[in-house]
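Biologist: I would like to learn how to read a structural model feature by feature, with the general idea given before the particular case. Could we work through one together?

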Amino acid sequence: MVAKGQKRKLHREDEGGGSAWESQLQSVLDISMDKFHRDQALVEPCLLRSVLINNTLRQVQSEVRAQVESLSAVKTKNQIGLLPEPSFPRSSPSAEHTPLFSLNNENMEDDFMAWTSEEDFSLSSAISAILKDLDTVIDASQGPCASQRAPLSSVENLTQYQSGLRTERMSDMASSIKTEAMCPGCPQDVALDKLLLDIDTSVFEPEVNLLQGFSVTADDLAKYLPSLSKSASASSSSSLVSHGQATWEIQEIEHVMDILMRTYPQS
Amino acid sequence: MEEESDSRKINNSFLRDHNYATEADIISTVEFNSTGELLATGDKGGRVVVFQREQESKNQPHRRGEYNVYSTFQSHEPEFDYLKSLEIEEKINKIRWLPQQNAAYFLLSTNDKTVKLWKISERDKRPEGYNLKDEDGRIRDPTTITSLRVPVLRPMDLMVEATPRRVFSNAHTYHINSISVNSDYETFMSTDDLRINLWNLEITNRSFNIVDIKPANMEELTEVITAAEFHPHQCNTFVYSSSKGSIRLCDMRASALCDNHSKFFEEPEDPSNRSFFSEIISSISDVKFSHSGRYLMTRDYLTVKVWDLNMESKPLETYQVHDYLRSKLCSLYENDCIFDKFECVWNGSDSVIMTGSYNNFFRMFDRNTKRDVTLEASRENSKPRAILKPRKVCVGGKRRKDEISVDSLDFSKKILHTAWHPSENIIAVAATNNLYIFQDKVN
């Protein structure tokens with residue numbers, strides 16, 4: 001998760017004026033997405049306006065990505081050993097991620113295979129990969145649909161980036177990441193919330209009102225996803241394949257799906 | 001010297017004539033013809049109103065030729081594109097006059113999709129004495145006609161009629177933002193977001209595409225064309241501006257499709273000013289050649305720039321129109337004001353440039369003295385024939401008596417369209433649905 005809590009305080013010196021920049025980033029993102037969705041609802045959005053808003057969104061996207069990458073780069077430097085207890089974060093769900101990250105701070109051991117660092121790294125890389133694919137073209141087989149579906153359309157994108165979730169310990173981390181994500185009130189959720197909004201660039205055809213989002217509701221997702229177990233399940237992968245186009249490693253899907261579902265209280 | 005008198009008078013001596021209020025419709029374009037005798041305005045309702053300057057009268061020397069309504073006509077009607085289920089707005093985006101070649105006047109007017117050539121002509125005689133019908137038009141009973149006569153032309157009250165002579169349609173998929181008449185007086189170009197088409201004024205069923213920046217995959221689109229204009233003297237040269245703040249100069253002799261530019265004008269971004277809005281505010285909303293053809297002027301959200309055609313790396317001059325808005329870009333993005341497209345104009349001698357701003361303010365910059373002035377087009381704040389008072393926006397804490405603070409600016413009152421008489425110091429300023437005409441003070 002991109003942290004806005006404890007961890008970020010550590011690095012604030014590096015960023016200088018980071019919080020002001022962040023709040024502007026957030027506003028620009030909010031406003032841009034709002035305009036983007038409003039324009040989608042129009043029959044014929046102004047092309048100049050659409051291009052400018054889209055370019056701004058891309059810029060925000062790349063800034064966020066740079067942020068995430070720099071954070072994950074910092075984290076990999078601070079390799080720490082950490083008890084890989086899934087229960088650990090659960091003990092204080094409202095404390096958000098602070099327990100995890102405070103341990104980061106305390107233990108500066110250079111353990112490359114440490115759980116937490118890998119968790120964070122995998123999470124950051126997951127986010128980065130998601131962000132990369134926010135530009136990906138979604139199959140035009142998905143018809144125009146209401147803009148509320150847009151956030152979840154990024155789920156469809158996941159089929160194409162699954163290679164980004166590549167650590168060996170992914171399956172073991174699934175549960176801990178799941179519990180990390182279990183805090184609806186996290187400020188991190190807000191960030192991820194926004195990050196995972198599908199910034200769809202394939203909206204420029206005025207002749208065809210293409211909102212290339214996929215009509216997936218959270219309920220649908222729940223239906224198709226098995227309970228979040230580590231066991232690979234042919235049925236679940238096949239049901240996902242029925243929506244997507246590529247094969248998955250189920251654990252990778254599971255934990256990312258869970259993040260999405262937890263951070264989206266509703267479709 | 002004309003230039004010196006310009007600069008002397010520029011700051012404090014603009015008289016105000018009447019204030020013409022067009023009926024509830026927002027003016028979308030203003031243009032003087034090549035002699036300055038006529039002034040055309042187009043509005044959102046698709047109408048064109050043409051004003052004519054009255055002859056200067058010896059009896060009333062203080063009333064230098066004022067502009068009166070000469071002709072009004074409905075240029076474009078709202079249309080419906082059945083194929084795409086889209087309504088096509090009738091709003092007049094641009095008007096350009098053709099040079100006068102006979103007693104009639106010709107202008108091109110365009111909405112989002114169709115360009116029309118209108119002929120405006122006067123009629124002050126009419127035939128009288130028809131054989132088969134009465135003067136009021138009723139058919140005469142043939143049995144009552146006993147003699148044959150030749151109808152004669154008799155004077156009548158002046159009637160100005162506008163007739164559409166050509167309709168140039170079905171050539172643009174995207175919205176037309178500019179038209180420009182070539183100096184050869186035979187061709188003109190129409191520009192939409194992605195393409196520029198060249199037309200012959202006589203031929204309506206065919207146009208040539210000379211610029212096409214549409215990518216094969218529309219998802220890759222990151223830049224659109226925002227304005228284009230022919231060079232005032234070289235009929236093979238034109239420029240077009242983009243949403244990324246660049247201007248391309250093209251030569252039609254080089255190839256049929258001018259996708260490759262001959263010159264590329266772009267100023268490198270100032271890293272200290274970089275923000276999320278850098279690209280949006282760099283989008284060029286208007287581009288105008290100087291009358292001499294040596295310079296180019298561009299307007300982006302916060303500045304006006306003058307470029308030398310021989311120097312592509314950076315502009316010759318940069319003028320800050322309303323730099324106090326730089327810290328408000330986020331709110332202006334939110335309320336969409338950041339997308340406002342301001343135009344800019346040269347005076348006849350290319351020594352002064354003018355552009356609009358918010359709160360019904362407009363700005364003039366003297367290129368020689370480097371002085372600038374902010375004036376307001378408002379009925380409340382100045383009386384007819386009174387000299388306009390320069391305005392000032394205060395940015396700091398202490399506001400002087402006549403200053404306006406940035407926060408009390410009215411962003412709904414924007415001056416997007418202005419025009420300058422080709423040879424005299426007469427300007428037309430469109431403030432929403434009002435047209436203001438200002439002249440130099442008569443000494």
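Modeller: What follows takes up the folding elements, the sheets, the cores, a pocket and a single loop residue, in that order.

Biologist: Before any detail, what kind of model is this, and how many helices and strands are there in chain B?

Modeller: This is a predicted model, and chain B holds three helices and 32 strands. Of the 443 residues in that chain, 53% count as buried. If one takes the contacts in chain B with a separation of 6 or more, 55% of them are between residues 24 or more positions apart.

Biologist: How should I read a strand and its partners, and which strands does E14 of chain B pair with?

Modeller: The general idea is that in a regular strand the side chains alternate between the two faces of the sheet. In this structure, strand E14 (residues 195–200) of chain B is joined to strand E13 (residues 187–191) of chain B by five bridges, and the two run antiparallel. E14(B) also pairs with strand E15 (residues 203–212) of chain B, in the antiparallel sense and over five bridges. Both pairings are hairpins, with three residues between E13(B) and E14(B) and two residues between E14(B) and E15(B).

Biologist: Which residues stand opposite each other there, and is E14(B) mostly covered or mostly open?

Modeller: B:Thr191 is opposite B:Ile196 in E14(B), while B:Leu198 has B:Phe208 in E15(B) as its bridge partner. E14(B) is mostly covered, five of its six residues being buried.

Biologist: How do I read a whole sheet, and in what order do the strands from E20 to E23 of chain B lie?

Modeller: One can follow the order of the strands, then their sense, then the edges. In chain B, four strands form an open antiparallel sheet in the order E20-E21-E22-E23. Its edge strands are E20 and strand E23 (317–320) of chain B, each of which pairs on one side only, and the twist from one strand to the next averages 15°. Within this sheet, four bridges join E20(B) to strand E21 (residues 295–299) of chain B in an antiparallel arrangement, with B:Asp286 standing opposite B:Arg299 in E21(B).

Biologist: And what order do the strands from E24 to E27 of chain B take?

Modeller: These four strands form an open sheet in the order E24-E25-E26-E27 of chain B, again with antiparallel pairing. The edges are strand E24 (344–346) and strand E27 (372–376) of chain B, which each pair on one side only, and neighbouring strands are turned by 20° against each other on average, direction ignored. Strand E25 (residues 352–356) and strand E26 (residues 361–366) of chain B are paired over five bridges, and B:Met354 has B:Met364 in E26(B) as its bridge partner.

Biologist: How do I read a nonpolar core, and which residues of the largest one touch the most other members?

Modeller: In soluble globular proteins, nonpolar side chains tend to be buried together. The largest nonpolar core here has 43 residues, and those touching the most other members are B:Tyr301, B:Leu325, B:Leu332, B:Tyr333, B:Ile338 and B:Leu409. Helix H2 (18–41) and helix H3 (47–77) of chain A, along with helix H2 (278–282) and helix H3 (329–334) of chain B, each supply at least two residues of this core. H3(A) gives the most, with nine residues. A second, separate core of 16 residues includes B:Phe362, B:Met364, B:Ala377 and B:Trp420.

Biologist: What does B:Leu325 touch, if residues up to four places away in sequence are not counted?

Modeller: B:Leu325 touches B:Tyr301, B:Leu302, B:Leu332, B:Tyr358, B:Val406 and B:Phe411.

Biologist: How do I read a pocket, and which residues lie nearest the centre of the second largest one?

Modeller: One can ask for its volume, then its lining. The second largest pocket has a volume of about 920 Å³ and is lined by 32 residues, of which B:Glu31, B:Ser34, B:Arg96, B:Glu229 and B:His291 lie nearest its centre. The elements giving two or more residues to this lining include strand E8 (94–97) and strand E16 (225–230) of chain B, and the largest share, four residues, comes from E2(B).

Biologist: Finally, where does B:Asp410 lie, and is this residue buried or exposed?

Modeller: B:Asp410 lies in the loop between strand E29 (404–405) and E30 of chain B. Buried would require under 20% relative accessible area and exposed over 50%, so B:Asp410, at 26%, is partly exposed. Leaving aside neighbours within four places in sequence, B:Asp410 is in contact with B:Tyr358 and B:Asn359. B:Asp410 and B:Tyr358 are 52 residues apart in sequence, yet their C-alpha atoms are 6.5 Å apart in space.

Definitions and conventions:
Residues numbered from 1 in each chain as written. Chains lettered and ligands numbered in written order. Predicted model: local features only at pLDDT ≥ 70, side-chain atom pairs only at ≥ 80, totals over all residues. Heavy atoms only, no water. Core = buried A, V, L, I, M, F, W, Y, C linked by side-chain atoms within 4.5 Å. Buried < 20%, exposed > 50% of the residue type's maximum accessible area, 1.4 Å probe, protein only. Contact = heavy atoms within 4.5 Å. Pairing = 2+ DSSP bridges. Axes fitted to C-alpha atoms, helices over the stretch in contact; angles between N-to-C directions. 1 Å grid on protein atoms, 1.4 Å probe; cavity = no way out; pocket = protein on both sides within 12 Å on 5 of 7 lines; lining within 4 Å. Points joined across faces, edges and corners; volume = space filled by probe spheres on them.
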